[in-house]
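Student: I should like to look closely at one part of this chain before turning to its surroundings. Please take a single residue as the starting point and work outwards from there.

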Amino acid sequence: MPVMRRKPTPGTETPEASDAEEDKKSKVLGRKNKDKKWSCLDTCCWLVGCICVLWWFLLFSYNAMPASFPQFVTEAITGPLPDPPGVKVLKEGLKVKHPVVFVPGIVTGGLELWEGQECTEGLFRKRLWGGTFGEVYKRPLCWMYHMSLDNETGLDHPGIRVRPVTGLVAADYFAAGYFVWAVLINNLARLGYEEKNMYMASYDWRLSFQNTEVRDQTLSRIKSHIELMVATSGGKKAVIIPHSMGVLYFLHFMKWVEAPAPMGGGGGPNWCAKHLKAVMNIGGPFLGVPKSVPGLLSAEVRDIAVARAVAPGILDKDLFRLQMMLQHVMKLTRTWDSTMSMIPKGGDTIWGGLDWSPEEGYYPGKRDQDNNETQTPDQSEEASHANYGRIISFGQEAANTAVGELKRIDFRDAVKGKNVANSSCRDVWTEYQDMGYGGINAVAEYKVYTADEVVELLQFVAPKMMARGNTHFSYGIADNLDDPKYDHYKYWSNPLETKLPNAPDMEIFSLYGVGIPTERAYVYRLTHSAECNIPFQIDCSADCADSYLAGGVYTVDGDETVPTLSAGYMCAKGWRGKTRFNPSGIKTYVREYDHAPPATLLEGRGTQSGAHVDIMGNFALIEDVLRVAAGATGEELGGDQVYSDIFKWSDNINLRL
């Protein structure tokens with residue numbers, strides 16, 4: 001007779017069954033725990049994912065509104081909005097005349113995949129940069145490897161081809177809803193422009209300028225497109241509109257196109273005079289940007305220092321792994337040779353020394369106080385304590401110590417040595433791990449670095465990166481521009497080591513924003529918190545009573561990225577009239593746009609913004625561009641338009657012209 005087995009009720013299992021169940025659970029949980037290896041990249045990717053989801057939700061909500069609703073609310077608050085520049089100039093009877101060429105800057109141009117490893121399956125001709133950035137958090141290590149370049153050649157890794165997107169869509173929007181060139185293109189279209197007389201000179205902004213020609217023949221393509229556009233427009237010369245690093249790129253192009261082959265384009269000494277009406281440089285870092293120095297030294301900028309100041313100590317904890325994230329950023333960006341094009345040029349002659357700077361006496365809000373006649377002697381005296389010439393200072397005391405009392409130990413001959421306990425960090429190797437404590441301490445003991453010494457500092461802490469950079473870029477001032485050595489392409493993007501073309505009828509404009517605190521110098525601290533970490537950090541505790549030093553960052557007037565001195569000096573003085581840098585006397589104009597934030601959130605990024613990228617939607621700037629494209633000269637625009645002290649600061653620079 002069969003024996004009936006009663007099913008155990010909950011809580012009455014036999015010991016054998018209970019043990020078996022526990023073993024089963026342990027195996028499952030163990031396997032799950034073994035499979036799950038959370039890292040800083042996972043944290044970063046989830047953070048990016050959350051931001052993207054929030055961004056798309058807000059964008060969806062905004063687009064779901066009736067098209068007239070934002071304008072209705074804005075006009076109800078601020079009154080009727082002015083006509084867009086394209087509509088305004090069209091009503092005046094202006095028409096299409098000169099073809100226009102856009103030259104985007106660093107980061108803003110899209111990059112797409114043409115060949116990759118197995119992890120990029122399904123991504124052929126999909127954007128790896130510019131767009132949704134979905135691949136950043138879906139496959140971060142794969143994405144980083146494909147976006148990086150070879151550390152020795154500065155070109156693609158074997159078996160990888162990432163190439164610039166072509167056409168106007170290459171840089172009209174950086175991401176959905178975030179315009180770069182779109183507003184300007186839209187207003188040109190209102191005037192009657194089409195793609196046949198507008199050209200986006202997109203290029204791989206990661207590469208050195210000459211390597212864009214070596215790998216992609218980009219410079220040759222720009223030359224051919226300009227020649228074609230001039231020929232098909234009845235001989236009307238082109239108006240070139242570079243932005244940000246694109247300003248340096250086109251400066252390189254103007255030398256390349258006239259230089260003989262094979263180094264140059266073989267266009268001959270009159271090519272620019274024959275094909276170019278005007279070059280309208282927007283936010284141009286002609287003399288470099290101090291902001292590039294902390295980017296290369298510690299992968300930091302002001303925003304990270306501000307975040308540390310808001311939440312001191314928290315962001316450096318293991319929960320966030322900020323330092324590990326910065327190491328990944330450093331490992332990636334130090335392979336991009338273009339970043340070295342923006343190291344400050346002209347050394348101490350331009351940027352100041354231990355005890356002086358061209359902007360000496362500046363402090364935030366000075367123009368407003370001058371207008372209200374409320375400036376006090378105490379404020380001027382306090383402002384003079386900002387030693388902007390000391391681009392890097394280790395400690396706030398070193399930033400303020402008198403020159404005669406500074407005690408520095410030379411770092412140049414310091415003995416380097418690999419750290420012993422850093423084998424666990426090799427997946428995010430940086431050149432700091434080859435320096436050892438001896439080399440790292442020597443950097444901090446030198447205390448203060450001026451513009452001349454910053455170049456030497458970067459050569460000391462990142463020799464492999466700078467070895468590549470020194471073959472493509474130079475940061476000095478030419479003694480004799482007729483010296484044959486300046487025929488080499490490494491000097492072509494430095495306006496202080498090259499001549500403008502022989503094109504007396506061409507005009508050059510510097511268009512840039514002012515009225516925004518812009519990074520100029522930094523207070524650093526040495527940290528040995530972990531073997532893997534980047535050993536230097538901006539000291540977010542460094543502050544002063546006035547607002548020119550906050551969170552370890554000294555600021556001056558500018559567009560939030562490029563100081564006024566760098567954007568304006570060449571057109572204000574270096575190229576003004578016939579100088580050794582401008583022997584044919586090309587006319588130059590300085591056009592500044594005083595920053596005004598948007599009146600309401602519904603106004604978006606504002607129509608009067610002077611910020612480095614947002615200025616691309618500035619109605620006054622767009623109107624100036626449209627008028628020149630329609631045939632106006634700089635004099636017809638009104639000549640110079642200046643709000644800052646750029647002419648005063650330029651006169652403080654003792655440079656032979």
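Leaving aside its neighbours within four places in sequence, with which residues is E453 in contact?

Tutor: The model is a predicted one, and every value below is computed from it. Once neighbours within four places in sequence are set aside, the contacts of E453 are R408, R412, Y446 and V448. E453 itself belongs to helix α20, which spans residues 451-461. Its relative accessible area is 11%, so E453 counts as buried, the cut-off for that class being under 20%.

Two of these contacts, Y446 and V448, lead to the residue numbered between them, K447. This lysine sits in the loop that runs from α19 (436-445) to β11 (448-449). Its phi is positive, about 75°, although K447 is not a glycine. Most residues other than glycine have a negative phi. In contrast to the buried E453, K447 is partly exposed, at a relative accessible area of 26%.

A positive phi in a residue other than glycine also occurs at A299, where the value is near 55°. A299 lies in the loop between α12 (292-298) and α13 (302-310). With 10% relative accessibility, A299 is classed as buried, whereas K447 is partly exposed.

A further point of backbone geometry concerns the peptide bond between A261 and P262. This bond is cis, with omega at about 10°. Most peptide bonds are trans. P262 is placed in the loop that connects α10 (245-258) to α11 (271-275).

Helix α10 leads on to a group of helices that can be read together. Helix α9 (residues 218-232) packs against α10 with the axes 11 Å apart and an angle of about 80° between them. The two helices are therefore roughly perpendicular, since angles of 65 to 115 degrees fall in that class. From α9, the residues T218, L219, S220, I222, K223 and I226 take part, and they meet Y249, F250, H252, F253, W256 and V257 of α10. Sorted by class, this contact comprises 8 nonpolar, 3 polar and 1 charged residues.

Both of these helices also receive the buried residues of α8, which pack against β4 (161-164), α9 and α10. Helix α8 covers residues 209-216, and 7 of its 8 residues are buried, so the rest of the structure largely encloses it. The buried residues in α8 are F209, Q210, N211, T212, E213, R215 and D216. Q217 follows α8 and takes a positive phi, near 55°.

Contacts between parts of the chain that are distant in sequence can be seen at L332. This leucine is in helix α14, residues 322-333, and is buried at a relative accessible area of 8%. Its C-alpha atom is 8.0 Å from that of Y145, although 187 residues separate the two in sequence. Apart from neighbours within four places in sequence, L332 is in contact with W143, M144, M147 and S148.

The strands supply another covered element. Strand β16 (residues 553-558) is mostly covered, as 6 of its 6 residues are buried. It pairs with β13 (residues 516-526) in the antiparallel sense through 6 bridges, and in that pairing V556 of β16 stands opposite T518. Strand β15 (residues 549-550) also pairs with β16 in the antiparallel sense, over 2 bridges. There A550 has V553 of β16 as its bridge partner. The hairpin of β15 and β16 has 2 residues between the strands, and G551 in this hairpin adopts a positive phi near 60°.

These local pictures may be set against the whole chain. It contains 25 helices and 17 strands. Of its 657 residues, 53% are buried, and E453 belongs to that class. Among contacts between residues at least 6 apart in sequence, 75% join residues at least 24 apart. The chain has an accessible surface of about 29,300 Å², and carbon and sulfur atoms account for 56% of it.

To return to the original request, E453 is a buried residue of helix α20, in contact with R408, R412, Y446 and V448.

Key: Residues numbered from 1 in each chain as written. Predicted model: local features only at pLDDT ≥ 70, side-chain atom pairs only at ≥ 80, totals over all residues. Heavy atoms only, no water. Helix = DSSP H or I, 4+ residues; strand = E, 2+ residues; numbered from the N terminus. Buried < 20%, exposed > 50% of the residue type's maximum accessible area, 1.4 Å probe, protein only. Contact = heavy atoms within 4.5 Å. Pairing = 2+ DSSP bridges. Areas by Shrake-Rupley, 256 points an atom, 1.4 Å probe, with all protein chains shown as cover. Axes fitted to C-alpha atoms, helices over the stretch in contact; angles between N-to-C directions. Parallel < 35°, antiparallel > 145°, perpendicular 65-115°, else oblique. Nonpolar A, V, L, I, M, F, W, Y, C, P; charged D, E, K, R; others polar.
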